[in-house]
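Visitor: I should like to learn how the features of a model such as this one are read. Where might we begin?

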Amino acid sequence: MKFIVSSTYLLKQLQVLGGVINSSNTLPILDNFLFELDYSKLTVSASDLETTMSSYLDVESDSSGSVAIPARLLLDTLKTFPEQPLTFVVGDNNTVEISSNHGKYALAYANGNEFPKAVELDNPSTTVVTGDILATAISKTIFAAGNDDLRPVMSGVFFQFSTEGLTFVATDAHKLVRYQREDVKASQVAEFIMPKKPLNLLKGILAASENEVRIEYNDSNAKFTFDNTELICRLIDGKYPNY
């Protein structure tokens, strides 16, 4: 498998995805980015089992395949390059070779098939909001969410969608914030509790974005699709206190 991609374009996408990866993982494969190549479309994913985030990049290639490349090492290597095309070639000796104007770099890789697959949502409900509205709702509520492991329902933000508007609630039992929007509506009533980590990722990416974010959700997972990125996360299980 071989592909050519711009160094700064790849680094920008990987820095966003890097926020998903934990500093210490129980599964060593989660320390990697998953690269899935399907000719000129490259999908790069990062996961911590609870949250999986993928970006779709356009590259020059006429091959396909999948490999898992160490995330920290790849990010540190890419930061040293000025803007230039990089050629990635996956060899038989378990190394991926990165060719640049400054020379060649070889990184060991793992089998892409070992990487955990993202969850598929069955019969999800869907709501569409603009990125800046969602980012504002998160930043106005997430600071009030608790950190108590004994009360996990309070450690996230409660999303209440209805045909009248959207409501976002967070509390740690001492302070409570409710943020409402009546200019955005959902097609049907739904409630779910989003964990903090994916919300912080979304807040950072979507700030000042006017693009639409498609939110799909069922009882156990939520999926956010925008631009060339997709984020799937497991929801917090439980009933939110009657605020």
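Guide: Let us begin with Thr43. Setting aside the residues within four places of it in sequence, Thr43 is in contact with Leu34, Phe35, Glu36, Ser54, Ser55 and Tyr56. Please bear in mind that this is a predicted model.

Visitor: In which element is Thr43 found, and is Thr43 buried or exposed?

Guide: Thr43 belongs to strand S3. Its relative accessibility is 14%, and a residue is called buried when that value is under 20%; Thr43 therefore counts as buried.

Visitor: How does one read Ile69 in the same manner, and with which residues is Ile69 in contact?

Guide: Ile69 lies in strand S5, which covers residues 64–70. With a relative accessibility of 1%, Ile69 counts as buried. Beyond its neighbours within four places in sequence, Ile69 touches Asn32, Phe33, Phe35, Leu74, Val96, Leu107 and Tyr109. As for distances, Ile69 and Val89 are separated by 20 residues in sequence and by 12 Å in space, C-alpha to C-alpha.

Visitor: How should I read a nonpolar core, and which residues have the most contacts inside the largest one?

Guide: The general idea is that in soluble globular proteins nonpolar side chains tend to be buried together. Here the largest nonpolar core comprises 66 residues, and those with the most contacts inside it are Leu14, Phe33, Phe35, Leu74, Leu134, Phe161 and Phe224. Helix H3, residues 131–141, contributes the most to this core, with five residues. Another core, of seven residues, lies apart from it; among its members are Met154, Phe158, Ile193 and Tyr240.

Visitor: Which residues surround Phe224?

Guide: Leaving out neighbours within four places in sequence, Phe224 is in contact with Leu134, Met194, Leu202, Val213, Arg214, Ile215, Thr229, Glu230 and Leu231.

Visitor: How is a sheet read, and what is the order of strands in the open sheet of four strands?

Guide: One states the order of the strands, their pairing and their edges. The order in this open sheet is S1-S6-S7-S8, with antiparallel pairing. Strand S1 (2–6) and strand S8 (103–108) stand at the edges; each has a single partner strand, so one side of each is left without a neighbour in the sheet. From one strand to the next, the twist averages 20 degrees. Strand S7, residues 95–100, pairs with S8 in the antiparallel sense over six bridges, and Thr95 has Ala108 in S8 as its bridge partner.

Visitor: Which strands does helix H1 touch, and which does helix H2 touch?

Guide: Helix H1, residues 7–17, packs on the sheet and touches S1 and strand S6 (85–90), its direction making about 90 degrees with that of S1. Helix H2, residues 71–78, also packs on the sheet, touching S6, S7 and S8; its direction makes about 170 degrees with that of S8.

Visitor: What should one look for in the backbone angles, and where does Tyr39 lie?

Guide: Most residues other than glycine have a negative phi. Tyr39, although not a glycine, has a positive phi of about 60 degrees. Tyr39 lies in the loop between strand S2 (32–38) and strand S3 (41–47), and is partly exposed, with a relative accessible area of 46%.

Visitor: What is the sign of phi in Ala208, and where is Ala208 placed?

Guide: Phi of Ala208 is positive, near 65 degrees, in a residue other than glycine. Ala208 is situated in the loop between helix H4 (196–206) and strand S15 (212–217). With a relative accessible area of 74%, Ala208 is exposed.

Definitions and conventions
Residues numbered from 1 in each chain as written. Predicted model: local features only at pLDDT ≥ 70, side-chain atom pairs only at ≥ 80, totals over all residues. Heavy atoms only, no water. Core = buried A, V, L, I, M, F, W, Y, C linked by side-chain atoms within 4.5 Å. Buried < 20%, exposed > 50% of the residue type's maximum accessible area, 1.4 Å probe, protein only. Helix = DSSP H or I, 4+ residues; strand = E, 2+ residues; numbered from the N terminus. Contact = heavy atoms within 4.5 Å. Pairing = 2+ DSSP bridges. Axes fitted to C-alpha atoms, helices over the stretch in contact; angles between N-to-C directions.
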